[in-house]
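Please open the model in your viewer and keep the sequence panel beside it. The stops below say what to select next and what is to be found there.

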Amino acid sequence: MKDFLLKSFLWLGLGIAFILGYGTFCDYFFQQKQYLDLSEKKQWVLAQQGGSYDYAVLGSSRAYGAFDMNLLDSLTGWNGINLGSNGSGFKDNYLVLSLFLKSNKVKRLFLQVDMGTLNSRSSFSNEFHAFTFMPYWVVPEVREVLMEEIPLLGNPISSMAPQWRYFYFNKYFSPKEVLRRLKLSETKLDPYTKSKGGISAGNAEKQGEIETYELPKTEDPEDWHYLIKIKTKAEAAGIQVVFFTSPRYSDHQEELKRLLLSLPNTKIFPDEFDFSDPGLFQDQGHLSKEGREKFTIDFQTNLN
């Protein structure tokens, strides 16, 4: 019995040592710029360091695909970056912005808002990508949101040994993933820099009839809460916040306009954009190449 207990404690100790050791390695490895997966948009954003931008675009795929970024730069004479990414709700956007501002400077934030992002759990299959932020546990904003999203991470064990969190998402932090990242670091794959974080040229265009659907009419309190947190964080950093909404085919988004009247910031709505022209859209919520160019010009005109 004594030998059994000794062996049990030995194996337990080895298991704890492995968790702490591998977790400490992950804390280092998955934050290193050279090992970030630059083919994944949020990883590319987190790799940007030491930049100074006249504006940044933030939001979901509708922000990511709203502008021709190089065209907007040429029209305004500014230097911008697009931080938007597919399937991202405001909670996700809040942490992306928080981490980005730790090593970059921004003068203006163009924040894409619609009733989909204000109801992110029903609009996106995965509105918050918790695994993206696991390596940044020491950042207070990240730790607060992760513990809110995953209550298990807020228990006393997590406080004593936060390294175990990597085993919660072991698919994304396995030794196999480490080897994949090492290979990626040799290829220097980077699909976003030339387009300044926007959609690159040659993006596939939607063919045929566009299917339409209605967005929710009221906001989710949690999404509204994180919208306000983004606004507050940006303004505390001296950043001017400009709300805009990317066009939706056959939808003037009147509910959104009424909702944002409560916020005393500049808002840009593309009223002059032709919502009925299917050639400007890939699908109801996303612009085609021609649509991006037209919206970019209209946006800059309204901005002036």
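Which residues have the most contacts inside the largest nonpolar core? Select Val113, Leu118, Leu227 and Leu260, which hold that position in a core of 62 residues; a nonpolar core is here a set of buried Ala, Val, Leu, Ile, Met, Phe, Trp, Tyr and Cys residues joined through side-chain atoms within 4.5 Å. Burial is judged by relative accessible area, with buried meaning under 20%, exposed over 50% and partly exposed in between (1.4 Å probe, protein chains only).

Before going further, note that this is a predicted model, in which local features need pLDDT of at least 70 and side-chain atom pairs count only at pLDDT 80 or more, while totals for chains, interfaces and linings use all residues. Residues are numbered from 1 along each chain as its sequence is written, and side-chain values use heavy atoms, with hydrogens and water left out.

**The core and helix α5**

Stay with Leu227 and display its surroundings: leaving out residues up to four places away in sequence, Leu227 touches Phe90, Leu111, Val113, Leu118, Phe243, Leu260 and Leu263, where contact means heavy atoms within 4.5 Å. Next, select helix α5 (residues 90–100), the source of the largest share of the 62-residue core, namely seven residues. Helices (H or I, at least four residues) and strands (E, at least two) are DSSP runs, numbered from the N terminus.

Colour α5 by accessibility, and 11 of its 11 residues come out as buried, including Lys91, Asp92 and Asn93. Asn93, in helix α5, is worth a selection of its own: it counts as buried because its relative accessible area is 2%. Not counting residues up to four places away in sequence, Asn93 touches Leu58, Gly59, Ser60, Ser88 and Ile230.

**Aromatic rings**

Now show the side chains of Phe, Tyr and Trp; the structure holds 26 aromatic pairs. Rings (for Trp, the six-membered ring) pair if their centres lie within 6.5 Å, and planes under 30 degrees apart count as stacked, over 60 as edge-to-face and the rest as tilted. Zoom to Tyr55 and Trp78, a tilted pair with 6.2 Å centre to centre and 50° between the planes. This pair links distant parts of the chain, since Tyr55 is in strand β2 (residues 55–58) and Trp78 in the loop between α4 (69–76) and β3 (80–82), 23 residues apart. Tyr55 is buried at 0% relative accessibility, whereas Trp78, at 25%, is partly exposed.

For a stacked example, select Phe128 and Phe133, with 5.7 Å centre to centre and 10° between the planes; both are buried.

Return to Trp78 and add Arg108, which lies over the face of Trp78 at 3.7 Å from the ring centre. A charge sits over a ring if NZ of Lys or CZ of Arg is within 6 Å of the ring centre and within 35 degrees of the ring normal. The charged end of Lys41 likewise sits over the ring of Tyr192, 5.7 Å from its centre.

Tyr55 and Trp78 also belong to one aromatic cluster, whose members include Phe67, Phe110, Phe244 and Phe299. Centre the view on Phe110, in strand β5 (residues 108–112), which is buried with a relative accessible area of 0%. Apart from neighbours within four places in sequence, Phe110 is in contact with Tyr55, Ala56, Val57, Leu58, Trp78, Val242, Phe244, Phe299 and Leu303. Measure from Phe110 to Gln240 as well: they are 130 residues apart in sequence and 8.6 Å apart in space, C-alpha to C-alpha.

**Helix α10**

Which residues of α10 are buried? Select Glu177, Val178, Arg181 and Ser185; they lie on the same side of α10, because they cover an arc of only 105° around the axis, the arc being that of the directions from the helix axis to the C-beta atoms. Turn the helix over to find the exposed residues Pro175, Lys176, Leu179, Lys183, Glu186 and Thr187 on the face turned away from the buried side. Just after α10, Lys188 takes a positive phi of about 60°.

**Last stop: Asp68**

Finally, select Asp68, in the loop between α3 (61–64) and α4, which is partly exposed with a relative accessible area of 25%. Beyond its neighbours within four places in sequence, Asp68 is in contact with Arg292, Glu293 and Thr296. The C-alpha atoms of Asp68 and Ser195 are separated by 7.8 Å, although these residues are 127 residues apart along the chain.
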